[in-house]
Amino acid sequence: MATKPVTSGTETNTTRLDKWLWAARFYKTRAIAKQMIDGGKVFYNGQRTKSGRAVSIGDTIKVRQGYEEKEVTVIALADKRRDATFAQTLYRELEQSLETREKNALARKQGILLSPAGDAKPDKKQRRKIRQLKERI
């Protein structure tokens with residue numbers, strides 16, 4: 001019969017993926033972490049996985065949160081949630097991931113600046129013109 005890894009405080013030999021994501025503060029609750037894993041928003045070493053997957057040091061995890069997608073390497077393991085400074089010591093984000101996130105953030109920001117929303121809704125005449133323009137395209 002296999003024995004469970006010995007835990008010492010908040011550090012263990014292996015940890016479930018959903019627990020690690022929760023402890024690393026990627027998601028607010030374990031239930032949300034499990035939903036994201038099951039929904040295909042989290043990739044473990046480049047593959048979809050189950051929430052009970054054992055995480056070990058050196059593994060690569062890709063996490064999608066809203067518009068952002070982070071690719072991190074596991075540095076330490078924890079199964080208890082602590083403060084944010086401790087959570088940041090559990091992983092290191094890859095340089096490529098940082099660059100991609102910065103580029104995407106800039107593109108979103110520029111897109112909003114280039115097409116700002118109007119102060120008011122278009123009136124009936126303007127809506128007709130918009131509809132005609134869309135139909136031509």
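## Aromatic cluster

W20, F26 and Y91 are linked into a cluster by ring pairs. The model in which this cluster appears is a predicted one. Searching the whole structure gives 3 aromatic pairs. One of them joins W20 and F26, whose ring centres are 6.0 Å apart and whose planes meet at 35 degrees, a tilted arrangement. A pair of aromatic rings is described by the distance of the centres and the angle of the planes.

F26 also pairs with Y91. Here the centres lie 4.8 Å apart and the angle between the planes is 40 degrees, so this pair is tilted too. The pair of F26 and Y91 connects distant parts of the chain, with the two positions 65 residues apart in sequence numbering. F26 belongs to the loop between helix 1 (17-23) and helix 2 (30-38), while Y91 belongs to strand 7 (residues 91-93).

## Burial of the cluster

How buried are these residues? W20 has a relative accessibility of 0%, so W20 counts as buried. F26 has a relative accessibility of 6% and therefore counts as buried as well, the cut-off being under 20%. Y91, the partner of F26, is likewise buried.

## Strands 5, 6 and 7

Strand 5 (residues 60-65) and strand 6 (residues 68-74) run antiparallel and are joined by 6 bridges. I61 has V72 of strand 6 as its bridge partner. The two strands form a hairpin with 2 residues between them. G66 lies in the turn and has a positive phi of about 65 degrees.

Strand 6 also pairs with strand 7, again in the antiparallel sense, over 3 bridges. T73 has its bridge partner, R92, in strand 7. Strand 7 is the strand that holds Y91 of the aromatic cluster. In a regular strand the side chains alternate between the two faces of the sheet.

## A charge over a ring

Another ring contact involves R82 and F86. The charged end of R82 sits over the ring of F86, at 4.0 Å from the ring centre.

## T100 in helix 4

T100 is located in helix 4 (residues 95-114). Is T100 buried, exposed or partly exposed? Its relative accessible area is 39%, so T100 is partly exposed, a class that falls between the buried limit of under 20% and the exposed limit of over 50%.

The side chain of T100 reaches the backbone oxygen of Q96 at 2.8 Å. T100 can also be placed relative to E69: the two are 31 residues apart in sequence, and their C-alpha atoms are 8.5 Å apart in space.

Definitions and conventions. Residues are numbered from 1 along each chain as its sequence is written. This is a predicted model: local features need pLDDT of at least 70, side-chain atom pairs count only at pLDDT 80 or more; totals for chains, interfaces and linings use all residues. Side-chain values use heavy atoms; hydrogens and water are left out. Helices (H or I, at least four residues) and strands (E, at least two) are DSSP runs, numbered from the N terminus. Buried means under 20% relative accessible area, exposed over 50%, partly exposed in between (1.4 Å probe, protein chains only). A polar contact is a pair of N or O atoms within 3.5 Å; within protein, one must be able to donate a hydrogen and the other to accept it, and residues adjacent in sequence count only if both atoms are side-chain atoms. Rings of Phe, Tyr and Trp (its six-membered ring) pair if their centres lie within 6.5 Å; planes under 30 degrees apart count as stacked, over 60 as edge-to-face and the rest as tilted. A charge sits over a ring if NZ of Lys or CZ of Arg is within 6 Å of the ring centre and within 35 degrees of the ring normal. Two strands pair if DSSP finds at least two bridges between them.
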